[in-house]
Amino acid sequence: MAAPTAYSLIATDLDGTLLRADDTLSDRSLAALARVAAAGARHLVVTGRPAPRVRPLLDDLGSSGLAVCGQGAQVYDARTDRLLWSVTLDRELAETALGKIEAEVGQVYAAVDQDGVDGLTLIEPGYLMPHPTLPAVRVGRRDDLWSAPISKVLLRHPDLSDDELASTARSVVGSLATVTMSGPGTVELQPCGITKATGLALAADHLGVGSERAIAFGDMPNDIPMFDWAAHGVAMANAHPELKAVADEVTLSNEDDGVAVVLEGLFPNAAF
């Protein structure tokens, strides 16, 4: 059955967008995504979370399809529990980038997401997880972060704002890595040139859907490349000003089911 709107691919961020602050999905959001599925359109999660941290949420969504994880560095197939595509951040480059950042702003606290469907999130002493519900393993020293291939580095500074830390990081890191800001307390280093749009384009191609049929939802500057790629970008009411500035539309906040509100308008007559 063809979707009754111009959009056959619905790409949503998770934190601050589809999820509420307590990491749960509202009944209204689940019902709206059921409308999408009944209409023959596809929902694609596009998130900064690594694949192992996304798998339980896909179960909640009843999804056995693809998900774009790790800020676009991973395309995960939930049905087979494997990565169809992944790219890692060179650990020597990551260390060099951290050194350049600390030379400018003083000590930062770091964490890493390991590559793979069973990769761990490792945090060094002093690092506080922005999402305390997400599992992490504390290591004894920074060198322990580099024990296995990684998809990204997460940074926090004891005094600087996220905007200040991200701006400084971009000014000194250069081509060593891509710097993104994906949520409160979450500045990240990922492989150079990799963004959410990278993984989204690969997943969409796998599904046989072009960007002209895609609508994207997000709340942070790391969603800007996804908005650039999709035909229509919807920012949440709680979104960062940088994302609102490039959005085609602003909906209600994640706490007020902003994604569901838009989807209900796009798919008003879908039976499920």
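This report describes the sheets, helix packing and selected residues of a predicted model.

## Basis of the description

The model is predicted, with local features requiring pLDDT of at least 70 and side-chain atom pairs counted only at pLDDT 80 or more, while totals for chains, interfaces and linings use all residues. Residues are numbered from 1 along each chain as its sequence is written, and side-chain values use heavy atoms, with hydrogens and water left out.

Helices (H or I, at least four residues) and strands (E, at least two) are DSSP runs numbered from the N terminus.

## The eight-stranded sheet

Eight strands make up an open sheet with mixed pairing, in the order β5-β4-β3-β2-β1-β12-β13-β14. Two strands are taken to pair if DSSP finds at least two bridges between them. The edges are occupied by β5 (82-86) and β14; each has a single partner strand, so one side of each lacks a neighbour in the sheet. Within this sheet, strand β2 (residues 42-46) pairs with β3 in the parallel sense over two bridges, and Val 46 stands opposite Val 68 in β3. Helix α6 (residues 196-207) packs on the sheet and touches β1, β2, β3, β4 and β5, its direction making about 165° with that of β3. Such angles run from 0 to 180 degrees between N-to-C directions, and axes are lines fitted to C-alpha atoms, for helices over the stretch in contact.

The side chains of β3 alternate in direction: Leu 66 and Val 68 point one way, Ala 67 and Cys 69 the other, and all are buried. Here buried denotes under 20% relative accessible area, exposed over 50% and partly exposed in between (1.4 Å probe, protein chains only).

## The six-stranded sheet and its helices

A further open sheet contains six strands in the order β8-β7-β6-β9-β11-β10, again with mixed pairing. Its edge strands, β8 (137-138) and β10 (178-183), each pair on one side only. β10 runs antiparallel to strand β11 (residues 186-190), and five bridges join them; Thr 178 stands opposite Gln 190 in β11.

Two helices lie across strands of this group. α4 crosses β6 (109-114), β9 (150-156) and β11, running at about 15° to β9. α5 lies across β9, β10 and β11, at about 170° to β10.

## Packing of α4 with α5

Helix α4 (residues 91-105) packs with helix α5 (residues 162-173) at an angle of about 120°, and their axes are 9 Å apart. This angle makes α4 oblique to α5, given that under 35 degrees counts as roughly parallel, over 145 as roughly antiparallel, 65 to 115 as roughly perpendicular and the rest as oblique. The contact (heavy atoms within 4.5 Å) is made by Ala 97, Lys 100, Ile 101, Glu 104 and Val 105 of α4 and by Leu 165, Thr 168, Ala 169, Val 172 and Val 173 of α5.

## Helix α9 and its surroundings

Helix α2 (residues 27-38) and helix α9 (residues 258-266) pack at about 30°, with axes 9 Å apart. From α2, the contact involves Arg 28, Ser 29, Ala 32, Leu 33, Arg 35 and Val 36, and from α9, Ala 260, Val 261, Leu 263 and Glu 264.

In α9, the residues Gly 258, Val 259, Ala 260, Val 262, Leu 263 and Leu 266 are buried. These buried residues pack against β1 (9-12), α1 (14-18), α2, β12 (214-218), β13 (232-235) and β14 (249-250). Pro 268 lies in the segment after α9 and is partly exposed, with a relative accessible area of 46%. Its C-alpha atom is separated by 9.5 Å from that of Ala 32, although Pro 268 and Ala 32 are 236 residues apart along the chain.

## Two buried loop residues

Gln 71 is located in the loop between β3 (66-69) and β4 (74-77). Its relative accessibility is 1%, so Gln 71 counts as buried. Apart from neighbours within four places in sequence, the contacts of Gln 71 include Thr 47, Gly 48, Lys 152, Thr 180, Glu 188, Gln 190, Lys 196 and Asn 222.

Leu 145 occupies the loop between β8 and β9 and is buried, with a relative accessible area of 0%. With neighbours within four places in sequence left aside, Leu 145 is in contact with Ala 110, Val 112, Leu 122, Ile 123, Glu 124, Val 139 and Ile 150. The C-alpha atoms of Leu 145 and Leu 263 are separated by 41 Å, with their positions 118 residues apart along the chain.
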